[in-house]
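Below is a walk through one protein chain and the ligand modelled with it. Please keep the sequence and the 3D view open while reading.

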Amino acid sequence: MSKLQEVMKAVETGKLKQIEELVQSAIDEGIEANEILNAMIETMGVIGDKFQRNEIFVPEMLVAGLTMKKGVEVLKPLLAGANVTSYGKFIIGTVQGDLHDIGKNLVALMVESAGFEVIDLGVDVPAQKFVEAIKANPDCKVVGVSALLTTTMEAMKVTVKAIIDAGLKSQVKILVGGAPITPEFAEEIGADAYTPDAGSAAQKAKELAS
Ligand code: B1M
């Protein structure tokens, strides 16, 4: 089994104690950090499919998620580039009712390495908390809203509306993303931009802040 396959297997089977060592040895073998990250993301897709087929349940999905998080920690210094420009603050959170944070954390990491100061509101964030955070940070130019469940797309809509209704659209641009989100949905709810992954989110955030 290749090192990359070992990493994928460890995430899939929730080998929390071994993942850091396995990721490190994949790095030592010369495998690019991005390749390792993409392999872990692919594995989460496998986990999701197994969950849908009732082959695994929430606890296994949770441990796989925790294992991936630990693996990402090892990759972090390699994924984060040098902060050359300062783009100001970027507020990010996962919407109310949604506890998924792996993708949101990756977006935060990439945005930070692109030169933003990231304020992470965490998961299950009520719309009002986004509004208060933006008001408390008048130098924040971009806010990122993440949702992973079709059932929490409505909370994303509510969040974007709350930011608009609070009169904050002249201050911030709203970037949305997450597996069920589409460019059409983003436009429909009044967001300024949608991106499908963390790398493009960082690129888009820079464009929105400029
Ligand atoms: Co959940 N879960 N989960 N889960 N989970 C999914 C999302 C699911 C697709 C699995 C499936 O059925 N195939 C499904 C959603 C179905 C749907 O709504 N269509 C699902 C479900 C149903 C649930 C529960 C309802 C299960 C239950 O309790 N019966 C429950 C809901 C809990 C809640 O939130 N209220 C639940 C719980 C959980 C765990 C807590 C166990 C765990 C989360 C752990 C954690 O995040 N700390 C979990 C996990 C791990 C998953 C899967 C397997 C993996 C998610 C993940 O981390 N992917 C997931 C299946 C899947 O994704 N295929 C699944 C890797 C991550 C890097 O990708 O988050 O998509 P992702 O982020 C990407 C992009 O989406 C994008 O960039 C990221 C990186 O490139 N992106 C943005 C994300 N946010 C962005 C913001 C941006 C821009 C881009 O701008 C601001």
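The text below goes from the ligand to the strands, then to an aromatic cluster, and ends with some individual residues. The model is predicted.

The ligand carries a cobalt atom, and this is a convenient place to start. Which protein residue provides a donor to the cobalt? The single donor from the protein is His100, through NE2, at a distance of 2.2 Å. Along the chain, His100 sits in the loop that runs between β1 (89–94) and α5 (102–113).

His100 is also one of the residues that come nearest to the ligand as a whole. There are 36 residues around the ligand, and those that come nearest are Leu99, His100, Asp101, Ser146 and Thr150. Backbone atoms take part in the surroundings of the ligand too. A polar backbone atom of Gly97 is 2.9 Å from a ligand nitrogen, and a polar backbone atom of Gly48 is 3.0 Å from a nitrogen of the ligand. On the oxygen side, an oxygen atom of the ligand has a backbone N or O atom of Ala179 at 3.3 Å.

Next come the strands. Strand β3 covers residues 140–146 and pairs with β4 in the parallel sense, over 5 bridges. Within this pairing, Leu175 in β4 stands opposite Gly144. The connection between the two strands includes helix α7 (residues 153–165), and β3, α7 and β4 together make a right-handed β-α-β unit.

Strand β4 has a further partner. With strand β5 (residues 193–194), β4 forms a parallel pairing over 2 bridges. Val176 has Tyr194 of β5 as its bridge partner. To get from β4 to β5 the chain passes through helix α8 (residues 183–189), and this β-α-β crossover is right-handed. Is strand β4 mostly covered or mostly open? It spans residues 173–177 and is mostly covered, with 4 of its 5 residues buried. In a regular strand, side chains alternate between the two faces of the sheet.

The aromatic residues give another view of how the chain is put together. A pair of aromatic rings is described by how far apart the centres are and by the angle of the planes. The count of aromatic pairs comes to 2. In one of them, the ring centres of Tyr87 and Phe116 are 5.3 Å apart and the planes make an angle of 20°, so this pair is stacked. Tyr87 belongs to the loop between α4 (58–79) and β1, while Phe116 belongs to the loop between α5 and β2 (117–120), so the pair ties together parts of the chain that are 29 residues apart in sequence. Tyr87 has a relative accessibility of 18% and therefore counts as buried. Phe116 is buried as well, with a relative accessible area of 3%.

Phe116 also forms an aromatic pair with Phe90, and here the arrangement is edge-to-face, with 5.8 Å from centre to centre and 65° between the planes. This pair likewise links distant parts of the chain, since Phe90 is in strand β1 and Phe116 is in the loop between α5 and β2, 26 residues apart. Phe90 and Phe116 are both buried. Taken together, Tyr87, Phe90 and Phe116 form one aromatic cluster.

Asn137 shows a set of polar contacts. It is placed in the loop between α6 and β3, and its relative accessible area of 13% makes it buried. Its side chain makes a polar contact of 3.0 Å with the side chain of Lys89. A polar atom of the Asn137 side chain also lies 2.8 Å from the backbone oxygen of Ala133.

Two residues stand out by their backbone angles. Asn54 has a positive phi of about 60° although it is not a glycine. Its place is the loop between α3 (33–52) and α4, and with a relative accessible area of 56% Asn54 is exposed. Asp124, also not a glycine, has a positive phi of about 55°. It is found in the loop between β2 and α6 (127–136) and is partly exposed, at a relative accessible area of 36%.

The last residue is Glu21, which lies in helix α2 (residues 19–28). Is Glu21 buried or exposed? Its relative accessible area is 63%, so Glu21 is exposed. Glu21 and Val74 are 53 residues apart in sequence, while their C-alpha atoms are 8.9 Å apart in space.

Definitions and conventions. Residues are numbered from 1 along each chain as its sequence is written. This is a predicted model: local features need pLDDT of at least 70, side-chain atom pairs count only at pLDDT 80 or more; totals for chains, interfaces and linings use all residues. Side-chain values use heavy atoms; hydrogens and water are left out. Donors are N, O and S atoms within 2.8 Å of the metal (3.2 Å for Na, K and Ca); water is not among the atoms, so sites may look incomplete. Rings of Phe, Tyr and Trp (its six-membered ring) pair if their centres lie within 6.5 Å; planes under 30 degrees apart count as stacked, over 60 as edge-to-face and the rest as tilted. Buried means under 20% relative accessible area, exposed over 50%, partly exposed in between (1.4 Å probe, protein chains only). Two strands pair if DSSP finds at least two bridges between them. A crossover is right-handed if, with the strands pointing away from the viewer, the path from the first strand over the helix to the second runs clockwise. A residue is near a molecule or strand if one of its heavy atoms lies within 4 Å of it. A polar contact is a pair of N or O atoms within 3.5 Å; within protein, one must be able to donate a hydrogen and the other to accept it, and residues adjacent in sequence count only if both atoms are side-chain atoms.
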